[in-house]
Amino acid sequence: MRAVAGGVALAVVPVLAALVLSGAVLWLLGTDPLEYYAYVARRGLLTPSGLQATVTRMAPLLLVAAGLILAFRTGLWNLGSDGQFMLGATAAAVVAPPLAEVLPGWAALGAGALAAMVAAALWSLLPALLKARHGINEIVTTLMMSFLGLSLANALVKLVFLDPGTTVPQTRTLAVADRLPALPGTIVSGGVLIGLAAIVAVHLAMTRTSFGLKLRVVGASPRAAIHAGLPVPLLTVAVFALSAGLIGLAGAVEVMGVLGNVRADWNPAYGLSVIPLVFLARLNGFAAIVYVLLFSALQIGAESAARRLGVPAYFTLVLVANLLIVLAVVEYVAQRRRPAWT
Amino acid sequence: MDMILSAAFLTSLVAGMVVSGVPLLLAGLGEQISEKAGVLNIGIEGMMLAGAYAGFLGAYQTGSLWVGFLYGIGAGMAVASVMAVLCVRLGLNQIVIGIGLTLGAEGLTALLHHVRFSRSYPRLPGVETLPLPGLAELPIVGSALFDRHPIVYLAVASAVVLSVLYRRTHLGLTLRAAGDKPAALDAAGGDVIRTRVAAVLCTGAFAGLGGAFMAEVGAGLFVPFMTGGAGFIAIVLAMLARGRPLWVLAGAALFGACLSMTTALQVAGFDVPTDVIQMLPFAAVMAVLIVFGRGASLPAALGSAYVRGGRGSDGERS
Amino acid sequence: MKAPPAGPLIGLRGITKRFPGVVANDHVDLDIHAGEVHVLLGENGAGKSTLIGMLAGLVQPDEGEIRVEGEPVRISSPKRALRLGIGAVFQHGMLAPTLTVAENLSLGTAWWKPWAAGAVERGFDALCAGFGVRIAPGAVVGDLSLGERQQVEIFRALLRGSRVLVLDEATSMLTPQGVAELGGLMRELARRSMAVVLITHKLGEALEFGDRITVLRHGRKVAELGPDRLRDEDSETLREQVIHAMFDGTGGGGGPIARGGVRGRAVLAVDGLVVEGGSAVSFEVDAGEVLGIAGIDGNGQKQLAETLAGQRRALGGDVLLDGQPITGLDVGARRRLGLRYVTDDRLGEGTVAGFPVSLNLLLKEIGGAPFWKWGIEQPDPIRRHARDLIEAFDVRAPGPDTPVGKLSGGNIQKVLLARELSGGARAVIHSKPTHGLDVRNTASTRRRIREAAGAGVATVLISTDLDEILELADRVAVMSDGRIVGIVANDGDARSRIARLMAGDSA
């Protein structure tokens with residue numbers, strides 16, 4: 001019981017401290033922090049439309065989180081999620097709309113999802129091979145591939161897969177009827193179920209299966225993995241592909257569930273903002289769901305606050321950064337008081 | 001081919017190379033200091049961005065670019081000091097904190113910019129230059145290289161100064177030992193923590209100056225997220241330069257040229273899509289990593305915190 | 001040269017240091033005199049390293065007082081220790097491998113000072129010449145031998161004006177000839193009225209080099225033999241006294257133990273195996289036989305062991321287990337056939353510190369039945385398996401779910417032995433099995449090895465401890481420079497023949 005209470009305190013204290021710190025920033029900018037937070041909470045969680053938008057937003061974030069948890073628990077720093085996300089989104093936007101005209105809806109959606117996963121996984125192949133074969137630091141290579149991927153996705157949208165029917169540079173649009181079905185009685189996109197299933201599956205795979213245990217051995221001690229005879233290079237490439245695949249699927253879900261197409265220069269940058277969340281959740285899938293819910297509500301709330309209160313949505317970045325730094329310090333203090341967690 | 005090698009193209013390429021290359025040079029030199037001392041400074045993008053905003057603010061308020069540069073250095077060091085406390089003193093994860101600082105700096109500068117300048121979008125006046133006598137009159141590259149704001153010459157000079165410092169003073173030794181075998185430095189009476197803190201602060205100063213240059217000299221204004229991954233390129237530059245400042249200089253020139261290719265090609269009458277051109281520097285990094293990656297040596301203790309008398313793996317209790 | 005002061009140069013009074021769960025030093029008094037080689041003798045874990053850590057400023061005492069020339073001091077950092085004239089040379093070396101000798105010598109100088117490479121090099125050359133040693137100051141430390149690195153560290157301490165030189169397990173990495181050279185160097189230093197403190201667990205060295213011997217056991221000082229007694233009494237009496245103090249009369253091993261192995265046909269055969277950085281190696285180990293592999297650390301033993309285990313690719317040659325070639329098989333397949341490897345790097349690669357004992361016991365068979373079904377973990381069989389092994393191998397752990405990193409070195413070794421010796425072991429490679437263990441765990445580990453061999457396991461025992469090999473092995477192969485330079489039977493004069501092989505005479 002005490003351990004649970006301690007765990008909850010460890011999760012709640014940083015959140016409160018970060019809210020206070022960020023509130024100070026708001027105050028300095030001339031906004032009443034209490035009014036802002038109240039507004040954000042109302043628009044993000046407490047109104048039916050806001051809550052539905054929040055839950056819809058969770059879908060891509062959950063998938064990105066699932067992909068990151070898989071990689072980070074294996075000790076692989078996949079920091080290329082933004083590029084993988086955008087390539088996945090673009091692939092889905094390219095494949096799904098034309099197929100929806102000739103195939104049944106589910107087949108078009110399935111093909112779009114598959115294309116997204118394959119595109120993103122392929123994009124992770126080069127960093128994965130460089131890491132597995134030559135031990136080249138994946139932090140740098142995934143970051144570079146991320147920038148490359150963002151530009152490539154943009155170039156594809158503007159130059160190759162431009163919808164000839166509009167003047168705005170964007171891909172063809174998936175008709176609303178062909179998109180992922182909404183949850184009954186709501187406007188929440190069904191993608192959230194895919195996201196929840198993915199993150200729970202990743203969590204259970206990591207904690208309850210032999211495959212997950214192998215990955216955790218690689219993550220905790222690459223030398224022990226070699227000693228135990230695990231095929232570390234193969235696992236590295238597989239994890240990169242799976243992680244990127246899930247992140248690519250996030251892009252597909254956003255396109256096929258919400259937006260219907262990809263516009264030029266669209267980049268929600270979900271990847272880097274989810275990284276702090278999965279660390280806040282200590283790479284635990286269930287805890288990540290909670291943090292993703294809070295972050296989605298914050299984003300949705302902040303987007304309307306930007307219109308109403310004039311505080312740009314960039315504020316969420318400040319809040320997340322504060323949260324992360326406070327968490328790190330709390331973690332440090334907790335670690336000094338008791339032996340390390342893993 | 002004649003078109004590509006036209007004087008207009010070359011001049012504009014070299015001019016653009018200086019403008020985009022100097023921030024990379026400064027940030028790369030800064031990152032190199034941290035890496036030498038064993039700290040992987042992923043937060044450098046945030047330090048540059050903070051420097052860019054503060055530099056613009058300082059120059060805008062006082063009308064002096066130099067005050068702006070000082071502001072930039074200060075802002076970069078302020079972000080770096082958070083990193084120094086959390087990662088060096090407390091020994092927290094350098095990657096997570098680095099990403100957090102970058103996100104925070106992105107958000108904060110965008111927010112501040114929105115509050116102060118979103119209605120006016122002010123621009124700084126043109127940059128006064130200091131033509132180097134004789135050199136500035138050279139054809140094609142003369143004005144592009146040698147008719148510049150003095151900070152450009154200082155940036156290049158700092159690469160030379162650093163390479164002398166590394167080789168001819170105890171600074172280089174101390175930094176290298178802190179990165180390669182911190183215990184050896186500690187046992188020899190050096191101070192690992194202080195060395196690393198100083199290194200991270202220097203990184204902040206260089207990165208902040210680089211960011212300030214970007215805003216004050218390069219663009220003449222501040223735009224949210226304007227560094228656009230330059231900090232991450234700087235990390236790669238430092239990594240590939242293997243501790244040699246002059247290699248950072250060469251690399252920054254190369255990447256600066258890549259970045260300025262779009263404008264130069266447009267000047268030469270080619271319409272190449274921006275997105276394709278923007279891929280150039282990153283593609284170049286990947287190509288270099290694929291070819292030379294195995295040789296990109298990093299200090300042995302890079303990324304790990306130093307704890308005196310920390311338990312080794314040799315089993316015996318100390 | 002100033003005459004040495006009458007009192008001790010350094011005095012330790014009532015020094016106590018506790019670590020979680022251990023009292024490393026318990027009210028230790030110690031006097032260190034100028035002009036003497038003072039040997040601190042004790043088993044691993046007796047508290048020697050902690051004691052010198054305090055002298056070197058790396059660890060602070062919880063209680064007690066350190067006096068330098070009678071004045072109480074607080075040695076708060078290595079820098080302070082150096083200023084007090086205490087220089088330490090650690091077992092694992094404190095030189096940055098990528099810097100040159102001269103660069104390492106100037107480490108620790110204020111960073112802004114101009115670097116007078118010439119002066120440093122001249123000073124070092126002069127010092128080397130004075131001791132008859134030749135090391136180029138421009139050489140990169142990583143290229144030097146371990147003995148040379150040690151000499152560099154000693155000279156560095158001298159160049160800094162140290163009056164006290166602490167040598168931590170200085171002989172453990174050296175060849176017999178290197179040990180003799182070090183002995184000469186220590187004599188010379190003492191003659192120049194330095195105080196030399198040598199930390200060792202080897203009795204022979206203590207008696208050979210020491211002017212004064214202090215024996216530590218379980219963190220307490222249990223005996224001190226002054227210069228008079230060391231000079232006057234004969235070596236046999238001294239030896240017995242010291243052994244009695246070190247082991248409390250339980251005996252420190254003794255001679256080779258006769259044991260009737262169930263000798264049979266070759267279980268493990270190695271035929272012209274070429275490993276990284278070595279040349280072709282061939283030997284055979286019969287069922288129930290223990291083949292010792294002796295040699296100075298770093299002569300290719302690790303590479304050989306890892307290649308045999310399948311962790312490292314062979315560059316040529318064959319390995320046969322029960323007559324079957326297994327050269328192409330991976331770790332898992334070799335393990336299933338009965339080839340096991342007990343690594344000496346227990347926490348680095350042998351186990352995952354944060355994982356529970358139960359999973360560490362299955363680390364090499366992840367996914368295997370009955371512990372995983374369709375890839376799903378089965379907690380009950382896993383825990384039952386762990387409980388059985390914990391009992392059978394006497395692992396002192398709160399339970400199967402305790403993280404392995406929380407256990408003591410001896411218990412981690414038991415976990416490794418349990419994993420590797422259980423479930424159909426045919427041939428087992430032990431790498432430095434008692435490295436870093438205390439007396440009791442050393443004894444129990446050796447008993448396990450012997451019992452396994454008695455049950456017919458072909459055993460390869462890699463060790464740098466010659467006494468251990470002579471105690472356990474039937475035959476002894478000597479490794480040097482990546483090849484086996486000779487194999488001798490473990491009989492009466494094996495010790496001297498092995499020493500000759502190690503020194504470079506081929507058999």
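Start by selecting Ala65(A). Skip anything within four places of Ala65(A) in sequence, and its contacts are Ile199(A), Val274(A), Leu277(A), Val278(A), Ala288(A) and Val292(A). Keep in mind as you click around that this is a predicted model.

Now widen the view to the nonpolar core. The largest one holds 392 residues, and Ala65(A), Ala92(A) and Val278(A) are the ones with the most contacts inside it. Which element supplies the largest share of this core? Select residues 192-219 of chain B: that's helix 9, and it puts in 16 residues. Val278(A) is worth leaving highlighted, since it turns up both among the contacts of Ala65(A) and in the list of best-connected core residues.

Next, show chain A and chain B together and colour the contact between them. You should find 36 residues of chain A in contact with 36 residues of chain B. On the chain A side, the elements giving two or more residues are helix 5 (105-134), helix 6 (138-160), helix 11 (270-280) and helix 13 (315-337). Zoom in on helix 6 of chain A, which gives the most, 13 residues. Colour that side of chain A by class and you get 29 nonpolar, six polar and one charged residues.

Hide chain A and look at chain B alone. In cartoon view, chain B shows 13 helices and two strands. Turn chain B along its principal axes and the C-alpha trace spans about 70 × 45 × 40 Å. How does the radius of gyration of chain B sit against that of a compact globule? For 318 residues such a globule would come out near 20 Å, and chain B has 20 Å, so the two agree. Of the residues in chain B, 58% count as buried. Among its contacts with a separation of 6 or more, 78% join residues 24 or more positions apart.

Move on to chain C. Colour domain 1 (10-247) and domain 2 (266-503) separately; their C-alpha centres lie 33 Å apart.

Then switch chain C to confidence colouring. The average pLDDT is 84, with 92% of the residues at 70 or above. Select residues 1-5 of chain C: pLDDT is below 50 there, and the stretch has five contacts beyond near neighbours in sequence. Do likewise for residues 249-258 of chain C, where pLDDT stays under 50 and the model has 10 contacts beyond four places in sequence. Where pLDDT is low, don't read the predicted coordinates in detail.

Last stop, the complex as a whole: the predictor gives it an ipTM of 0.84 and a pTM of 0.82.

Key: Residues are numbered from 1 along each chain as its sequence is written. Chains are lettered from A and ligands numbered from 1 in the order in which they are written. This is a predicted model: local features need pLDDT of at least 70, side-chain atom pairs count only at pLDDT 80 or more; totals for chains, interfaces and linings use all residues. Helices (H or I, at least four residues) and strands (E, at least two) are DSSP runs, numbered from the N terminus. The radius of gyration is taken over C-alpha atoms; the globule rule is 2.2 Å times the number of residues to the power 0.38. A residue is buried if 20 or more other C-beta atoms lie within 10 Å of its own, exposed if 12 or fewer, and partly exposed in between; C-beta atoms are placed from the backbone. Two residues are in contact if their C-beta atoms, placed from the backbone, lie within 7 Å. A nonpolar core is a set of buried Ala, Val, Leu, Ile, Met, Phe, Trp, Tyr and Cys residues joined through C-beta atoms within 7 Å. pLDDT is the predictor's confidence in each residue, from 0 to 100. Domain bounds come from an automatic or database domain assignment. Ala, Val, Leu, Ile, Met, Phe, Trp, Tyr, Cys and Pro count as nonpolar, Asp, Glu, Lys and Arg as charged, and the others, Gly among them, as polar.
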